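Visitor: Please take me through this model, one topic at a time, with the sequence and the structure in view.

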Amino acid sequence: MSTQPYGRHALGLRPIINVSGTMTALGASIMVPEAIAAMAAIAPEFIEMHELHRLASAAIVRATGAEAGFVTASAAAGIVIAVAAAMTGTAHRAIEGLPLDTTGLKTRFVLQAGHDVNYGNSISQAVRMAGGAPVLVGSTSQVSPQDIEAAMDGSVAAGVFVVAHTTARHGMVGLGAFSAICHRHGVPVIVDAASEYDFRGFLAEGADLVIYSGHKFLGGPTSGIVAGSAGLIEACRGQNAGIGRAMKVGKESIVGLIAALDAWQGRDHAAIRAQERAALEMWQHCFAGIAGMDAAIVSDPTGNPLDRLEIRVHPESGTSARDMAMALASYDPPIMVRGHQVERGRFWLDPCNLHPGDAEQVTAALCALIRQGEPS
Ligand SMILES: *Cc1c(COP(=O)(O)O)cnc(C)c1O
């Protein structure tokens, strides 16, 4: 057990076994050692920030194939800054006027109703924070291309498209068609792909700016990435003299993110997947022959190369998904499951944030918990 000053133990914070995924409330992800070392190395140095931003842009270009890239304080900040950039371009007066003085600017942002997700705050609030006006089209279960078309009235600054497991799963217009409509009206497309591993596909489907999180799958410091067209990225950069100043990203986060991006390119993804697979199969084994519970390995709903164990708890089991999630959370250390659908009788175990030994502790807890309810 580490007793480093300011380590978790020294601070008196209890450990957590995270099988819920990459959650802000639990500290996001396990930062990769390359990012930690990079942040420590730059911490005592002076550098020219514009030069560091230039290096970061090059690293983002290498990873995404975009024309340019910009590092933000988080993906949430990246969305606000991208929205601001779509309104102001690089015009100083316009940048300084946000969010309230938008005289002469296009300020409407078209968003499909089923895409107004909440990741801590809502997409529509992110648009309003920059001074934009979200225009929700269609309903949460159905949007047609005509709905999007009808919103294009000459005052639209950008279309905003969200890729997330929390968007409506059906009835929305896909990115290719959404982009085609926007582009026909000369309107750029901003894609929130904060949790997506695909660094190239959204740009290929017509996105002009794509936003990723630095501290989710990448294992970087708290940060965000905006990748896209050179002109819009320049306009994002310009926001540092406007509303972006309140979302400043420091040298340590920029360098940490560059290191995490480089580490991602060099990571042995196949070996990590095999390790995750082994954990999922070990957990699944606990459920063999248990009445009233099913455990299946399922793929990620947005197509990330990541599987989870989905556990369905039926009434004849004598327990519920909610009770099982709560029981696991009351273990020492707490085992935090992916429990946003416990009311629907299911929860997931996510294997992508495990420390050595965690998978075995989850197995022991899970098997003991399930057997408790069984007649012996
Ligand atoms: C996580 C997430 C965000 C916020 O990302 P941060 O980098 O934590 O700010 C925004 N949008 C979606 C879809 C997300 O999944």
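**Sheets, ligand and backbone**

Visitor: In what order do the three strands of the open antiparallel sheet stand?
Guide: This is a predicted model, in which local features need pLDDT of at least 70 and side-chain atom pairs count only at pLDDT 80 or more, whereas totals for chains, interfaces and linings use all residues. Residues are numbered from 1 along each chain as its sequence is written, and side-chain values use heavy atoms, with hydrogens and water left out. Strands are DSSP runs of E with at least two residues and helices are runs of H or I with at least four, both numbered from the N terminus, while two strands pair if DSSP finds at least two bridges between them. By these criteria the three strands form an open sheet with antiparallel pairing, in the order β9-β10-β12.

Visitor: Which strands stand at the edges of this sheet?
Guide: An edge strand here has a single partner strand, so one of its sides is left without a neighbour in the sheet. This holds for β9 (293-299) and β12 (346-349).

Visitor: By how many degrees are neighbouring strands of the three-stranded sheet turned against each other on average?
Guide: The axes are lines fitted to C-alpha atoms, for helices over the stretch in contact, and angles between N-to-C directions run from 0 to 180 degrees. With direction ignored, the average for neighbouring strands in this sheet is 25 degrees.

Visitor: Which residue of β10 is the bridge partner of Met293?
Guide: β9 and β10 (residues 307-313) pair in the antiparallel sense, over seven bridges. The partner of Met293 in β10 is Val313.

Visitor: Which helix packs on this sheet?
Guide: Contact is counted for heavy atoms within 4.5 Å. One helix touches β9, β10 and β12, and its direction makes about 15 degrees with that of β10. That helix, residues 269-285, is α11.

Visitor: In what order do the seven strands of the other open sheet stand?
Guide: The pairing in this sheet is mixed, and β2 (68-72) and β4 (133-137) each have a single partner strand, so one side of each is left without a neighbour. The order of the seven strands is β2-β8-β7-β6-β5-β3-β4.

Visitor: Which residue of β7 stands opposite Asp192?
Guide: β6 (residues 189-192) and β7 (residues 209-213) run parallel and are joined by three bridges. Opposite Asp192 in β7 stands Ile211.

Visitor: At what angle does helix α7 run to β6?
Guide: Helix α7 comprises residues 175-184 and lies across β3, β5 and β6. Its angle to β6 is about 150 degrees.

Visitor: How much of the ligand's area does the protein bury?
Guide: The ligand's surroundings, taken as residues with a heavy atom within 4 Å, include Tyr119, Asp192 and His215. Among the polar contacts, which are pairs of N or O atoms within 3.5 Å, one pairs a ligand oxygen with a side-chain N or O atom of Ser195 at 3.0 Å, and another pairs a ligand oxygen with one of Lys216 at 2.8 Å. Taken alone, the ligand exposes 390 Å², by the Shrake-Rupley method with a 1.4 Å probe. Of that area, the protein buries 88%.

Visitor: What is omega for the cis peptide bond between Leu98 and Pro99?
Guide: Most peptide bonds are trans. Pro99 lies in the loop between α4 (92-97) and β3. The cis bond that joins Leu98 to Pro99 has an omega of about 5 degrees.

Visitor: Where is Tyr6, which has a positive phi?
Guide: Tyr6 is not a glycine, yet its phi is about 65 degrees. Its place is in the segment before β1 (17-19).

Conventions
A polar contact is a pair of N or O atoms within 3.5 Å; within protein, one must be able to donate a hydrogen and the other to accept it, and residues adjacent in sequence count only if both atoms are side-chain atoms.
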